[in-house]
Amino acid sequence: MTEAGSVTSALSALIRTQVERAGGWLPFDRYMALALYAPGLGYYANASRKFGPLPSSGSDFVTAPELTPLFGRALARQVEQALRVSGTREVWEFGAGSGALAGQLLEALGDQVERYTIVDLSRSLRERQRERLAPHGAKVRWALELPERMRGVIVGNEVLDAMPVKLLHRVGGRWHERGVVVSALEFAFEDRPTELRPPAEIEGPHDYLTEVHPQAQAFVRTIADRLQAGAAFLLDYGFPESEYYHPQRHMGTLMCHRGHLADVDPLEDTGTKDITAHVDFTGIAVAAQEAGLNVLGYTSQAHFLFNCGLLDLAADAPPEQHAAMQKLVNEHEMGELFKVIGLARGGFWDALGFARGDRTERL
Ligand SMILES: C[S@@+](CC[C@H](N)C(=O)[O-])C[C@H]1O[C@@H](n2cnc3c(N)ncnc32)[C@H](O)[C@@H]1O
């Protein structure tokens, strides 16, 4: 049996036990949490490579900081402004993956950052980050839990999409929650009637599968409750509510990634592929506002990076960086699907990244 196969079967056995303990039906968000984060076994907890530009490296998908350091250098300009405005000297990164973005920010920000704290659920990734960021010494630290009070600038790239979602399925006009059962030793979906509803009315009588994001919203409420001074910049693929819950988006956004290929079956080969859902940015903005943060802006990744001076930075970069930069901002690649939301404690200020093309009114 291959290593991946043995990890998968140990993880599958663990999830089967959890399904049995839950009475034979596990809500999808609990399945997703185990598939991704079960200690030592889940996709993000096991030793597979995950991030990288090409499948030949054994990676499954590429993220912006893995593509080019220009991403982190541009984001650093926004972080720099937020540190200055809030009078803080700390950066907090959630879900730091391989540590690529942390390295880029630390290099670009230099002495402006006194302490860089990483919070990541995955122990194996924390080890990778430690190795990669060793040259930055004691300035970088890892926190397993958030302190009661935080000050500084929070960043998170593609972390919200990795948080477990609940699946809701309207069938014959009735809403159901989708869960996981074990059938003939395989995982299968089973829908049960529910009182849960998507945050927006879905027009039309057709069957409709979608996601809701209680964990991502709870995460934003927690950082909002604890952030005493500072700001947060969260970057990810997603839409405002009106697009997310559009009647035509009747298959939802749940997606798996392995070997740079996408598929829609999270129940197959559990633990060997990433499972993600797009972000409902309206839900994120509302959760943040209800917990006392202001929305500084919301825009596409392309607008945000251009506003942060990506083109100037690219002019000084070697030519091989230029193709990667195009991927960050190209409308058909990451430029339009990926969005950035900026949140802040205290008053509003004109954040650099939203200077042109702000779409807060669409949330
Ligand atoms: C898709 S990866 C993105 C990694 C990295 N930010 C990048 O852009 O390459 C998601 C990351 O979020 C982490 N993660 C997921 N949920 C988290 C949570 N609630 N708190 C902290 N980290 C989390 C995962 O362990 C993983 O490192």
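A backbone N or O atom of Asn-157 lies 2.7 Å from a nitrogen atom of the ligand. The ligand, taken alone, exposes 600 Å², and the protein buries 95% of that. The model described here is predicted. The points below take up the ligand site, then one helix, then several single residues.

**The ligand and its surroundings**

- The ligand sits in the largest pocket.
- There are 19 residues around the ligand, and those that come nearest are Tyr-37, Thr-63, Gly-95, Asp-120 and Asn-157.
- By residue class, the shell around the ligand holds 12 nonpolar, 5 polar and 2 charged residues.
- Asp-120 offers a polar side-chain atom that lies 2.6 Å from an oxygen atom of the ligand.
- Gly-97 approaches through its backbone: one of its backbone N or O atoms is 3.3 Å from an oxygen atom of the ligand.
- For Asn-157 the atom involved is also a backbone N or O atom, and its partner is a nitrogen atom of the ligand.

**Helix α2**

- Helix α2 covers residues 28-37, and 7 of its 10 residues are buried, so this helix is largely enclosed by the rest of the structure.
- The buried residues in α2 are Phe-28, Asp-29, Tyr-31, Met-32, Leu-34, Ala-35 and Leu-36.
- In an α-helix there are 3.6 residues a turn, so residues three or four places apart point the same way.

**Buried residues in a strand and a loop**

- Val-180 is part of strand β9, which runs over residues 174-183.
- Val-180 counts as buried because its relative accessibility is 0%, and the cut-off for buried is under 20%.
- Val-180 and Lys-166 are 14 residues apart along the chain, and their C-alpha atoms are separated by 11 Å.
- Thr-68 is placed in the loop between α3 (64-67) and α4 (69-86).
- Thr-68 likewise has 0% relative accessibility and therefore counts as buried.
- The side chain of Thr-68 reaches the backbone nitrogen of Leu-70 at a distance of 2.9 Å.

**Positive phi outside glycine**

- Glu-158 has a phi near 55 degrees, which is a positive value in a residue other than glycine.
- Glu-158 is located in the loop between β7 (150-157) and β8 (166-171).
- With a relative accessible area of 13%, Glu-158 is buried.
- Asp-269 is not a glycine either, yet its phi is positive, at about 50 degrees.
- The loop that holds Asp-269 is the one between β14 (261-263) and β15 (274-276).
- Asp-269 counts as partly exposed because its relative accessibility is 34%, a value that falls between the limits of 20% for buried and 50% for exposed.

**An exposed helix residue**

- Glu-290 belongs to helix α9, which spans residues 281-290.
- At 63% relative accessibility Glu-290 counts as exposed, since exposed means over 50%.
- Glu-290 and Thr-194 lie 96 residues apart in sequence, and the distance between their C-alpha atoms is 26 Å.

Conventions: Residues numbered from 1 in each chain as written. Predicted model: local features only at pLDDT ≥ 70, side-chain atom pairs only at ≥ 80, totals over all residues. Heavy atoms only, no water. Buried < 20%, exposed > 50% of the residue type's maximum accessible area, 1.4 Å probe, protein only. Helix = DSSP H or I, 4+ residues; strand = E, 2+ residues; numbered from the N terminus. Near = heavy atom within 4 Å. Polar contact = N/O pair within 3.5 Å; in protein donor to acceptor, adjacent residues only side chain to side chain. Areas by Shrake-Rupley, 256 points an atom, 1.4 Å probe, with all protein chains shown as cover. 1 Å grid on protein atoms, 1.4 Å probe; cavity = no way out; pocket = protein on both sides within 12 Å on 5 of 7 lines; lining within 4 Å. Sits in = over half its atoms within 2 Å of the grid points. Nonpolar A, V, L, I, M, F, W, Y, C, P; charged D, E, K, R; others polar.
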